[in-house]
Amino acid sequence: MNAVLLIVIPLLAAFISIVSKKIAPYLLLVVGLFNIVLLFFLENGLVFIGGFDVAMNSDLLGISLLLDTYARMALWLINGLILVIFCLNFKSYKAFSSILLLAMAGLNGLLLTNDLFNFFVFLEISGIAAYLITSANKKPVSTFRYLVIGAIGSSLFLFGVVVLYAMYGTLNMIVMIQAIQASGNYAEVILPFTLMFIGLGVEAKLLPFNAWVKGVLGHSNTLTGPMIAGVYAAAMSFVLGRFITNLFVFEGSLLIVVTVLLALGILAGDVMAFSSTKTREILLFSSIAQASIVALLFVNGVIIWAVYLIIANALSKTVMFLVINKATKDVGSDESEALRGLFVNNKLVGLTFTLVTLSVMGLPLLAGFVIKLNFLTQLAGIGQIVLIAIILVASVIEGIYFVRLIVKLWYPGESEISVKYNYSFKAVFIVIALALLVFGTYSTPLTKLDNTIDTVMEVVNNG
Amino acid sequence: MIQYASIILFVIGIYGLFVSKNVIKMIVSLNIMEIGLNIFIISIGFVGGGAIAPIISSTQDLGLIFVDPLPQALVLTAIVIGVGTTALALAFAKTIYKTYNTFELDEMEESA
Amino acid sequence: MTFFEIISLVIGILLLVIAFMAINSKKLINSVLFLSALSMLAVVAFVLMKAPDVAITEAVIGSGLVTALFVFTLLSLKRRESE
Amino acid sequence: MRKLFGLLITIALGVMIILALDKTSAFPKFGEVNLQERISNQYLTEENVEMVGSANIVTAIVVGYRGFDTLGEVTVLFISALGVAFIFGGTKQQRLDLKFKPNFMLRVGSNVLLGIILVTSIYIILHGHLTPGGGFPGGAIIASAVLLLYLADDKFRSNVKGFKLIEGIAGSIFVVVGLLGLVFATAFLENFLPVGTVGQLLSAGIIPIIYVLIGLKVGSEIAGVVDNFLTEEESA
């Protein structure tokens, strides 16, 4: 068993699916399940790919993949979510199964690869898959803008990678980390890191590189909303976390600039969500704010709780976008006034949506509370009082607009609206809401993510 | 010299993406940016003073000085990826034209 | 100045001038043709920097097929306008 | 206003990049690269060249050492071909009217040219490990032969289904060859065939096989894209 199968099997399935369109959706189901099961059997460590006589020449001439606990959690989340979202949309979006297979391959590659140029290739694969997924919105201009901004982002990333290669003569991330630490001159890497950070920031929805989000998510449906706001956002947050904690070195003025930008991102996202009346916009601006919080946590070294925050966010955003986008489709508008009284006839959906939203806000008994409490404690431990204040202010704004939204959705308006959620939707909502509840009450979660990178470094040093 | 030119070319491409409101022009700018980036990548692997291309006829040639082959391999990949993006962008451009009957982003109804 | 330096200076300046013209030209088809020329110049630059593989690929894909795709897109537009 | 703003930002970006690169001592000046400090130096050692068996070192890297990148790159092309067909919709029947009538000379000439082009592309693909070129330019040349057919005959429609079949099968075989490496050797896409003597046509192990697959795949993908750009819905 080899971690490369996580990427290659979806690719193979995608190539086969082009020959026969009929089997494509079922291939996706099989491959998704296969990946999730396979993850149980894979061992942590480095996997080499390509080359000649790797056993004899097991150095770094080729490409390698790195599977550690961090990547494993991300992979479970991503593959599982893609599978669930596809199952819910099985009837209406069968045509997307080849694209979703490629998206799966691309995202798995992003999370696994240990080679900077290989990362760029997977960035393009998953990016193009994302543009095609958003084309389901039938808004070609927003998708085109997304494509252009994404292309600029990935080009800047490649520029940074190439500059790093010119300086340190390698593309292998682990060797690169060692070379940078050995040289000790962090001023030299500011330029490539800035370029790469911008490139990743585009996909991770960080201010000010997130101009595409409104066009893409503001018109999303039950496929694109959860895919972009749930799956892609989570994957890019994980990737950004990997880069921030393992490769990037933020010091001195660069650290201040990054922190200020991220803090602005949190506040701007929440303020824009506060001032919007469209439900989808409220959700997307809130997810911009959340993405910035995650990045801020990684920058400050609060890794484990950032990971839990990513997972909780991905699950919550999936539920919220599914509920709202289904309602928007049936009602024909996403103004919060038009959706007034949505939950009157859908008490169960309303209950789960409320639970999920309360978790995002960070109320006790729910996962969001545990996570927020813990990362705030850790931030306090390293003396980041200003950041705590900013996050608390943002939470208050967030609380106001979410409570306002929930109240509107519960209290009937003048005209009654009927939106039907079928059983599969309801089942997913219940499972996710329960998961957040259980985590929030009975949690003794992992407090240590065993990052195999140190042991891997020893392997590299000795090999 | 060529290295500076390639960086400026890259930046010109970004400038074009910033200022132009025409879908086709934006795709042209995207391509200019990519060409600049490709030349830059090749330029970081160039070795002056009579180095030769990394193609040999037999192993006896290995005593010679070569340019760096790795950036060339990367650019081969990058060029093909660029074509993929361009084809897709042009397909979107055609769809945009079908929907709005114009390539000018300013003249369209759909808000960003 | 050596021969290499002179050539690379000329290529560099030409690259920038043509890129500027591609962005600033009024007609879309001219923009596309300048892009094609830019791609050809890039081929020369690749040859100068001893990258024959890249030069061949750029010549066939970059300046050939990409230009064809641009032209086809513009042609389909012309047809619509004339209707 | 927007133009001025864009100009300022891009000038700032350009100046920042150039100054930062100039000031960084670790970033080598143009033409003064020391290959000894880079990983690529090891691709050029006699031991490794003999192990790979490819005279073209770039090919050895693209297909051999970094074959996974190449698989990804073919996938990018695959997904954009898929996407172009997806965006235009599958219901198209009619050729786009190019507003010029191909004459007799063009038709005859194109048939002759077609043969020459195809032979050239096959030569380029098969010699990818010996001379510059290989699967990507070769495949693109195949696609331009198809393009020529479209231009020479305004009624011509190629068999798009056939392209899809070639695309899917070539891609699948690529992956399967990679998996065979996992079975017969130790790593995905690792070479498992004898490499032969450097400089011979039959050398370099799996590299020529993979390059033929890449050529087929790239050719059929770009031809599919060209077909999509040259056809339109019947109602239009």
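Author: Before we start: accessible areas here come from the Shrake-Rupley method with a 1.4 Å probe. Also, this is a predicted model.

Reader: Thanks! So how much area does chain D expose, and which atoms supply it?

Author: About 9,800 Å² is exposed by chain D, and 68% of that comes from carbon and sulfur atoms.

Reader: And what share of chain D's residues is buried?

Author: Of the 236 residues in chain D, 57% are buried.

Reader: Okay, what about helices and strands in chain D, how many of each?

Author: Chain D has eight helices and two strands. Along the sequence they run α-α-α-α-β-α-α-α-α-β.

Reader: Which contacts in that chain join residues far along the sequence?

Author: Take the contacts in chain D between residues at least 6 apart in sequence: 72% of them join residues at least 24 apart.

Reader: Switching to chain A. How do α12 and α16 pack?

Author: Helix α12 of chain A covers residues 279–299 and helix α16 of chain A covers residues 385–410; their axes lie 12 Å apart, at an angle of about 160 degrees. Angles over 145 degrees count as roughly antiparallel, so α12(A) is roughly antiparallel to α16(A).

Reader: Left-handed or right-handed crossing?

Author: Left-handed, as α12(A) passes α16(A).

Reader: Nice. Which residues meet there?

Author: From α12(A), the residues include A:Thr279, A:Ile282, A:Leu283 and A:Gln290. On the α16(A) side, A:Leu387, A:Glu398, A:Tyr401 and A:Phe402 are among them.

Reader: How many are nonpolar, polar or charged?

Author: The contact between α12(A) and α16(A) has seven nonpolar, three polar and one charged residues.

How values were computed: Residues are numbered from 1 along each chain as its sequence is written. Chains are lettered from A and ligands numbered from 1 in the order in which they are written. This is a predicted model: local features need pLDDT of at least 70, side-chain atom pairs count only at pLDDT 80 or more; totals for chains, interfaces and linings use all residues. Side-chain values use heavy atoms; hydrogens and water are left out. Helices (H or I, at least four residues) and strands (E, at least two) are DSSP runs, numbered from the N terminus. Buried means under 20% relative accessible area, exposed over 50%, partly exposed in between (1.4 Å probe, protein chains only). Contact means heavy atoms within 4.5 Å. Axes are lines fitted to C-alpha atoms, for helices over the stretch in contact, and angles run from 0 to 180 degrees between N-to-C directions. Angles under 35 degrees count as roughly parallel, over 145 as roughly antiparallel, 65 to 115 as roughly perpendicular and the rest as oblique. A crossing is left-handed if the near helix is turned anticlockwise from the far one by less than a right angle, and right-handed if clockwise. Ala, Val, Leu, Ile, Met, Phe, Trp, Tyr, Cys and Pro count as nonpolar, Asp, Glu, Lys and Arg as charged, and the others, Gly among them, as polar.
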